Every structure is written in C-alpha cells, then in structure tokens.
Number of protein chains: 2
Amino acid sequence: MKILRAPRSMAAWGERLRREGVTIGFVPTMGALHDGHRSLIRAARLRCDALVVSIFVNPTQFGPNEDLTRYPRPITHDRALCRAEGVDVCFEPTPNAMYPKGFQTIVMVPEIAQQLWEGAARPHHFVGVATVVTKLFGIVRPHLALFGQKDYQQATLIKRLVTDLNLGVTIDVRPTIREKDGLAMSSRNRYLSPDDRQAATILYRAFRAGRQAIEEGIKNASTVERIMRKTVAQEPTAHVEYLALCDPASLEPLKQVQRQILLLGAIRIGKVRLIDNMLTGC
Amino acid sequence: MKILRAPRSMAAWGERLRREGVTIGFVPTMGALHDGHRSLIRAARLRCDALVVSIFVNPTQFGPNEDLTRYPRPITHDRALCRAEGVDVCFEPTPNAMYPKGFQTIVMVPEIAQQLWEGAARPHHFVGVATVVTKLFGIVRPHLALFGQKDYQQATLIKRLVTDLNLGVTIDVRPTIREKDGLAMSSRNRYLSPDDRQAATILYRAFRAGRQAIEEGIKNASTVERIMRKTVAQEPTAHVEYLALCDPASLEPLKQVQRQILLLGAIRIGKVRLIDNMLTGC
C-alpha cells in the first residue's frame, strides 16, 4: 500500500491510472476507522480496480467549540486496517497542503447545508464538508466514492454538489453499521464513558419505537415524534437536539407519514453529540 | 466540428479522448465571438490536440438589472468562426441543462469576488462566474483553459479557484486584443452608438496617461489616479466607476507605485459599462 501525502503526487497517481482505463474507488475519511469505514472499503474494493482511502481530519468542518484538537488520530491502526482490506493508496494530506496561504474558495449547498438539521445546528460544518469533498474529488478524480448512511444529510449534500458541479463521480451511500446493541458506529463513540456508552443506544431505540408506531398505523408525524422523544426521555443523561420524520430526498420535515420516511435525530449525552437515522415507511 | 448541447455527451467525449492520451484545450465564452476570443482559440489550437469552445450566456452571472436578455447571441457567426479556427467541439448547453430543477450549489471566492472592484460593483457576478466555470471544467475536464486579460479580475478569480479546489486545469491568461484606436474588444461594444463608440477609447487613453505619468517618475498612486480621471473627464459622456492602481496579484489598491502595477478601471458611457486594464510598472 502506498502512503501519499502531497496532493500533487496523489493527482499524478490517479491521472496515470485513469489513462490506463483503471476505475478508481474512493473512501474519504477522517481516520479513526471502524467497521463502518471497513464496510465502505470492502464495497469499493469489489467494484473498482484501484482503491484510495483518504485520512484527513478536516479543520474547516469543525466549529470553534468543537472537538478538532481532541479528534482521535490512530494513524498506525488506520493504515493497518487499510492494508488488510487491500487499499492501494492511503492519502494523508496535511492541513497546510489542503489550505495553503491565500486559500479562500468555498463550496456551498445553501438549502441542505444551512437551513436543516445538522446545517442549522452547525452553521459552518457543511461548507467545510462540501469544500473539502470537492477538493478531494479534484485531487483523486475517482469514478466512484462511498459514504455511510449514518451521515445521511452529508451524503445528501454530496450527491447534490456532485450533480450540481458536474463532478462526474458516482456516489454510493451504504447502510449504517451498528454495534450489537444498535448504536451506530462512529469515531466519536470512543468519547463516551462506560455509562454514557450504555445510554447512547437510546437514539436507536427511539427510532425503533418510531418505526413500530408507523407500522402500527399512526399517521400523524408529531405523534410519532412524541413517541420517539418519550423513548429518549427514559435516559436521564440524554438530551434531544432534534428528532423528526423527514422526506428522504428533500430532508424537509413531514406532517404526515408517507410511503418513505427518514427518521432523523441528534442527541447529546454529556458533552458527546450523536447523530443517527433510520429509513422506514408505510 | 461537432456541436454538442448535452453536458453528458460533452463529458463522454472528453473522457474518451483523455483515455487516449489526448490533451484538451478549452475556451469558455458567452458567444458573440470577436478577435479577442479568436486569439484565445488560436493560442489553444497551437498547444492542444483537441479544442473545445463553449458558448453559454450564463444567466447566474447577470444581475437583475443587467443585460441578460439583450446579450447578443449570433450563433451562426460564432459557429463559423469556431469552424474556421479548427475548433473540434462547440459546446452549447441550455440554461436548463446547466441549472436543472433542484440546483443549488455555489462556488464562492470571497475576497476577490465580493470586496474588490467588479465584485463590489456587481455583488452576484463572480459567484455566477466561479460556479459556471467549475461546472464547465467538471464537464469538459480540460488540461488547459484560456481567458482574456481584459477581464483581469475574472482571470485572477479563476486561477484562485482552480488552485483552491484542486481542479487540475492549467490557466493561461492572454493579452487583451484591441481595436486600432485602442478600445479593448468586447461583445458589449456593439451596444455603443457611433458617438459613444468614439468616446469609449477614453478608458484606454486614461491608462496610457497613467502609464506615462508612472514612467515619468510619479510615485504617488493618487496623483496617477487623478491624471487618469482628468483624462476621462475630457469625454463628457463618460463616467468613472473606478480607476485605480492595484497590485497585479492581490488586486489591492496601491498607495505608492511599485515594480509591477495593474491599472484597472470601469467606466459608463450612457447605459454601457466598459472595463479594461493595463499592466505596467516602474
């Protein structure tokens, strides 16, 4: 496995392979890889000739009071996982190589990124995501890129920007990988104390309660939301940031249940913020 | 010469050629082609195996009170010019193909695009330019793209965004082509009445007066600016929007003359707005 740090070397590698007709798969990550990433890497490995994983803790998608400095960076573990999964290139640019002096361009997806859910809660987050993904796609120029459904709104944003900017990358969104007790895998789970780790499953349990209510025929979205909130309330350390029934395409909140529904939520447990979602319908 | 209208066909054409190792040159235009465009096309023709010219009057770079609807669209003339210059593909997308329903992504280059000169005068203009150029580069994926120096700030913006977003396109900015009397060629010159057409040379004459003052040793930028303004004042129909000595890299206004100087200006003659610039130094 090659480890490349310079955007220029990464771009040259891709350029050479594309000329040879090789298809390039790409899994962009912030490292601290877990089985969720592993499932993306495996899915990419099956569908592409060459596979690039980027590991870059992107500073521009963190807010000023967020966890940029303490974000986990277990690079030896991450490389070992990539190597074991047959990754061809681990791309590890420095912040300085990605954002050199004079850098100023930003990519915005206003409706998805500013008005709804994670966008409303974290105003600069998705500008950082959209910009870094555009840059990474410019450098790697993959045919296919894979993202996890756990970050549903992020995946929606990326599909939108790839279409809007004609980036020519196929986006594949893969199902969320969960711990045995239902907690969605996330690099941030390691912030949880043992007690909080137990409590964290409440979000998934809330979605299950919501799904069950829908399956039982409840039609009113706010009734389903109330049921989900009541579930979260069973854990006194958990605080709901939002918990809603949305349209899976537009992410707009629903008033009535419909054929396809996205249950979407964010909770805080202590200082740790967790997001998750579930696709369901009636 | 191929005429392609669908972004998908254009992208497929480029993809096939790049695989064969062909280098692609690209001249993005809004049509109404003149000798300025011709010089870009000829320069590209010499340096690339395959040459694409796009003709697209981009609605998003026009303000609400600007000349979008009356912008000239002499498509037969434009295609003939392209054919005569050995262009391989004339890419003529429709506004709807470029901005279909749901489109929302924008590319911003805040400092260059919002704070200075044309950016300050036309607040949405450069967002439209940055976004459409990113899209066109995504579709055509050229190795080389050419722009005219007449739109100096636009060229600066495009170089910045290509670097910042790692678009991997070499940008070549070519000298302004002028009429015999010095007027910079522009598709908008045809809006000028015969009298205004005469008066329009005053901007170039102002730059010449400014350059002469610098060559004669004047060091104070505002003195040079005063000389340029006095020149424009000789034409009673001409109104200065801005006229300044700037740093050619940052476009920031200068207080003192320096080794390399950009004389930059915009004037109105009647309802027609003209921009031009001159590189000089001492």
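Contact, as the word is used for a helix that lies across strands, means that heavy atoms come within 4.5 Å. The structure to which this term is applied here is a predicted model. With that in mind, one may begin at helix 11 (residues 221-233) of chain A, which lies across strand 8 and strand 9 of chain A and runs at about 155 degrees to strand 8 of chain A. A second helix, helix 10 (residues 202-215) of chain A, lies across strand 8, strand 9 and strand 10 of chain A, and its direction makes an angle of about 20 degrees with strand 10 of chain A.

The strands beneath this description belong to an open sheet of three strands in chain A, with the order 8-9-10 and antiparallel pairing. Strand 8 (238-246) and strand 10 (272-281) of chain A stand at the edges, each with a single partner strand, so one side of each has no neighbour in the sheet. On average, neighbouring strands of this sheet are turned by 15 degrees against each other, direction ignored. Strands of a sheet pair through backbone hydrogen bonds, either parallel or antiparallel. Ten bridges join strand 9 (residues 260-269) of chain A to strand 10 of chain A in the antiparallel sense. Within strand 10 of chain A, the residue opposite Leu263(A) is Met278(A).

Chain A also holds an open sheet of six strands, whose order is 1-4-3-2-6-7 and whose pairing is parallel. The edges of this sheet are strand 1 (2-4) and strand 7 (170-174) of chain A; each has a single partner strand, and therefore one side of each is left without a neighbour in the sheet. Here the average turn between neighbouring strands is 25 degrees, direction ignored. Strand 2 (residues 24-29) of chain A and strand 3 (residues 50-55) of chain A run parallel and are joined by six bridges. Ile24(A) has Ala50(A) as its bridge partner in strand 3 of chain A.

Helices accompany this sheet too. Helix 2 (residues 35-47) of chain A lies across strand 2, strand 3, strand 6 (144-148) and strand 7 of chain A, at about 155 degrees to strand 6 of chain A. Helix 3 (residues 75-84) of chain A lies across strand 1, strand 3 and strand 4 (89-91) of chain A, and runs at about 165 degrees to strand 3 of chain A.

The next level of description is that of domains. The domain assignment of chain A gives domain 1 (2-174) and domain 2 (187-276). Their C-alpha centres lie 27 Å apart in chain A. Where the two parts meet, 21 residues of domain 1 of chain A are in contact with 20 residues of domain 2 of chain A. The size of an interface is often given as the accessible area lost when the parts come together. For domain 1 and domain 2 of chain A, the buried area is about 1800 Å², and carbon and sulfur atoms give 58% of it. Of the area that domain 1 of chain A buries against domain 2 of chain A, 37% is supplied by Trp117(A), Glu118(A) and Tyr152(A), more than by any other three residues.

Polar and charged pairs also cross this boundary. Between domain 1 and domain 2 of chain A there are seven residue pairs in polar contact, both residues being at pLDDT 80 or more. Helix 6 (118-121) and helix 8 (152-164) of chain A each supply at least two residues of the side of domain 1 of chain A that touches domain 2 of chain A. Helix 8 of chain A gives the most to that side, with three residues. The count of salt bridges between the two domains of chain A is two. Asp67(A) forms a salt bridge with Arg188(A), and their closest N and O atoms are 2.9 Å apart.

A search of the whole structure finds 38 salt bridges over all chains. In the pair just named, Asp67(A) lies in the loop between strand 3 and helix 3 of chain A, and Arg188(A) in the loop between strand 7 and helix 9 (194-199) of chain A, so the pair ties together parts that are 121 residues apart in sequence.

Finally, chain A meets chain B. The contact takes 31 residues from chain B and 31 residues from chain A. About 2700 Å² is buried between chain B and chain A, with carbon and sulfur atoms giving 47% of this area. Zero salt bridges are found across the interface of chain B and chain A, whereas 18 residue pairs are in polar contact there, both residues being at pLDDT 80 or more. On the side of chain B that touches chain A, the elements that give two or more residues are helix 1 (7-19), strand 5 (106-108), helix 5 (110-115), helix 7 (125-140) and helix 8 (152-164) of chain B. Helix 7 of chain B gives the most to this side, with five residues.

Conventions: Residues are numbered from 1 along each chain as its sequence is written. Chains are lettered from A and ligands numbered from 1 in the order in which they are written. This is a predicted model: local features need pLDDT of at least 70, side-chain atom pairs count only at pLDDT 80 or more; totals for chains, interfaces and linings use all residues. Side-chain values use heavy atoms; hydrogens and water are left out. Two strands pair if DSSP finds at least two bridges between them. Helices (H or I, at least four residues) and strands (E, at least two) are DSSP runs, numbered from the N terminus. Axes are lines fitted to C-alpha atoms, for helices over the stretch in contact, and angles run from 0 to 180 degrees between N-to-C directions. Domain bounds come from an automatic or database domain assignment. Buried area is the accessible area (1.4 Å probe) that two parts lose on being put together, summed over both. A salt bridge is a side-chain nitrogen of Lys or Arg within 4 Å of a carboxyl oxygen of Asp or Glu. A polar contact is a pair of N or O atoms within 3.5 Å; within protein, one must be able to donate a hydrogen and the other to accept it, and residues adjacent in sequence count only if both atoms are side-chain atoms.
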